[in-house]
Amino acid sequence: AVDHTFPLRSLLVSAEAFARAPVVRGEALEWNVAAGARYQMAPRWAVDAGLGRHPTGDDRGWYLTAGGAYSLG
């Protein structure tokens, strides 16, 4: 994984790639790749989104993530 911060813009972007070993011996590795961003809207509020792909394995396809965080403390 790699990430890059844009401090004066309150933005973090990241990308990752990883391989998952199968449980059954003899099956091929399953690769996953993804990228995303997190934006700090206010000192207590942040939103994030990401997009990923499973290019190998039985469950090939795309996935999308979105979320937010609000600090109460």
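1. In this predicted model, strand β3, covering residues 30–42, is joined to strand β4, covering residues 45–54, by nine bridges, and the two strands run antiparallel. They form a hairpin that leaves two residues between them. Within this pairing, A42 has W45 of β4 as its bridge partner, while A35 is matched with L51, again in β4.

2. On to the pairing of β4 with β5: here ten bridges join the strands, and they too run antiparallel. W45, already named as the bridge partner of A42, has Y70 as its own bridge partner in β5, so that residue should be read together with both pairings when the register is checked. Further along β4, D48 has G67 of β5 as its bridge partner.

3. The connection between β4 and β5 deserves a separate look, since this hairpin has six residues between its strands, and in it G57 takes a positive phi near 95 degrees.

4. Taken as a whole, the sheet is an open one, built from five strands in the order β1-β2-β3-β4-β5, with antiparallel pairing. Its edge strands are β1, residues 2–6, and β5, residues 61–70, each of which pairs on one side only. Neighbouring strands of the sheet are turned against each other by 10 degrees on average, with direction ignored.

5. As general background to the pairings described above, the strands of a sheet pair through backbone hydrogen bonds, in either a parallel or an antiparallel manner.

Conventions: Residues are numbered from 1 along each chain as its sequence is written. This is a predicted model: local features need pLDDT of at least 70, side-chain atom pairs count only at pLDDT 80 or more; totals for chains, interfaces and linings use all residues. Side-chain values use heavy atoms; hydrogens and water are left out. Two strands pair if DSSP finds at least two bridges between them. Helices (H or I, at least four residues) and strands (E, at least two) are DSSP runs, numbered from the N terminus. Axes are lines fitted to C-alpha atoms, for helices over the stretch in contact, and angles run from 0 to 180 degrees between N-to-C directions.
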